[in-house]
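Okay, thanks for squeezing me in. I'd like to walk you through a model I've been staring at, so let me put it up on the screen.

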Amino acid sequence: MKPPIVLLVDDEDELRRSTAQSLDLAGFTVEDFPSGERALDFITQGFNGVVISDIRMPGIDGMTLMSRIREIDADIPVILVTGHGDVQLAVRAMREGAYDFVEKPFVTQHLTEMAARAIDRRSLVLENRELRAVAGKRDDIEARLPGRSQMMVDLRYKLRAIAATDADVLIIGDTGTGKEVTARALHDISGRATKPFVAINCAALPETLIESELFGHEAGAFAGALRPRFGKFEHARGGTVLLDEIGSMPADLQVKLLRVIQERVITRLGSNEPIALDVRFIATSKVDLDAEVAAGRFRADLLYRLNVVTLRMPALSSRRDDVPLLFLQLAREAAARYRRDDVEVPPQAIAEVSRRDWPGNVRELRNAADRFVLGLGLQLPDGPAGTNGGGDRLAERVADFEKNAISAALLAHGGSLKPVYEQLGISRKTLYEKMQRYGLDKNRLGASETADD
């Protein structure tokens, strides 16, 4: 593992440079940034270090930066620097997950001691994760992309198989299925994990500044270009570039991107000097790019360059058996994020979420888990529930409900069978018979044989 790093974010150049120098003299490896956007490129679940950020900044402020970091990994320590009179805001930040805060003007030694403690804590978290993996627990990929369905098992296998390669990857899937989560997971288990992960929203690129944003520019390249600037491609050198919703990229830019992917070379605006580019490209799309090619909206040669490996993200409706387990995990994550005690999810609630189609996929299910943890109930949308493939006959509906109820009870009780048959008011023999009838494998549902089963 590489030595820990301090990411320092402050839009005040003089203060940022002096603080970075003090941290460097104290023995820390420091990367400093004038904005939160650039710092986020370094944040992964395996990030080894601490983030120190001013609260009040243009663009992404310190509170928003902390929120984005916690979405990636809630255990990354974030120290916020506050101005005079911001103590109330800092207290709110602590409640929302900040590691600590320091008020300007601060004593440098106080900040370095705080950073050292935060790094020690982060190192302990990473060591514990590694020990759990070695001990045979779920690895990081399964924690991020949970599910026992064969589709998810196959997806995780493919991710591990291609992680050590530099093959470009195309990820196809409906909105909310976890395309970016998969891309980040692939980056974090690859040899590029310690380098930047740069996400580019192809649908939101400003038309007048697209080339500057991606390729960078030299001073004087156009009106307002007062100094040289790295583009996003150059900033990602050694790491991974995520081209999010690649199907939305303008046609003229597709031509230029094709050359970059083919030759791994870029040229800044206003320059004739080629710059070698060592990156891995991952592209995502919610639309079928083959259909876009047929319609003339996407270049066939660009598609062939991008889809060296194609991963397809399954919709929740196609892996219903994963929904109860996934909901429980999302509820635990929500409880940690909102600093709530673990909330007990009753079997009735799990059975209800299992019956739904979830057209918004994991994103929609996460929102439901958040509402549940916040004490707002499930608040499921109106409309017909899913049928898990069942028919319209009463007997089929009853069987479908019974299967969901048993599955939910098994999950809710952590896999112990005795409280399940006691809660459902049936005998142990009846429970076993129904599990066999509905094909409920207790090992797949996390159940375990104990002396009282």
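Let me start by asking you something: which strands does helix 1 lie across? Before I answer, keep in mind that this is a predicted model. Right, so helix 1, residues 13-25, lies across strand 1, strand 2 and strand 3. Relative to strand 2, helix 1 runs at about 170°.

Now, the sheet underneath that story. We've got five strands in an open sheet, ordered 2-1-3-4-5, and the pairing is parallel. At the edges you find strand 2, residues 29-33, and strand 5, residues 100-103; each has a single partner strand, so one side of each is left without a neighbour in the sheet. On average, neighbouring strands here are turned by 20° against each other, ignoring direction. If you zoom in on strand 1, residues 5-9, you'll see five bridges pairing it with strand 2 in the parallel sense. In that pair, Val 9 stands opposite Phe 33.

Hang on to Val 9, because it comes back with the next residue, Asp 54. Where does Asp 54 sit? Asp 54 is in strand 3. An unreviewed UniProt entry annotates Asp 54 as "modified residue: 4-aspartylphosphate". And is Asp 54 buried or exposed? Buried, with a relative accessible area of 4%; the cut-off for buried is under 20%. Leaving aside residues up to four places away in sequence, Asp 54 touches Val 9, Asp 10, Asp 11, Gly 62, Val 81 and Lys 104.

Okay, moving further along the chain, to strand 11, residues 280-285. Six of its six residues are buried, so strand 11 is largely enclosed by the rest of the structure. Arg 280, Ile 282 and Thr 284 point one way, while Phe 281, Ala 283 and Ser 285 point the other.

What does strand 11 pair with? One partner is strand 6, residues 169-172, in the parallel sense over four bridges, and there Ile 172 stands opposite Ser 285. Strand 8, residues 240-244, also runs parallel to strand 11 and is joined to it by four bridges, with Thr 240 opposite Arg 280.

Last stop, helix 8, residues 179-188. Eight of its ten residues are buried, so helix 8 is largely enclosed by the rest of the structure too. Among those buried residues are Lys 179, Arg 184, His 187 and Asp 188.

That's my tour, so over to you for questions.

Methods. Residues numbered from 1 in each chain as written. Predicted model: local features only at pLDDT ≥ 70, side-chain atom pairs only at ≥ 80, totals over all residues. Heavy atoms only, no water. Pairing = 2+ DSSP bridges. Helix = DSSP H or I, 4+ residues; strand = E, 2+ residues; numbered from the N terminus. Axes fitted to C-alpha atoms, helices over the stretch in contact; angles between N-to-C directions. Contact = heavy atoms within 4.5 Å. Buried < 20%, exposed > 50% of the residue type's maximum accessible area, 1.4 Å probe, protein only. UniProt positions renumbered as here; feature names shortened; annotations may be inferred.
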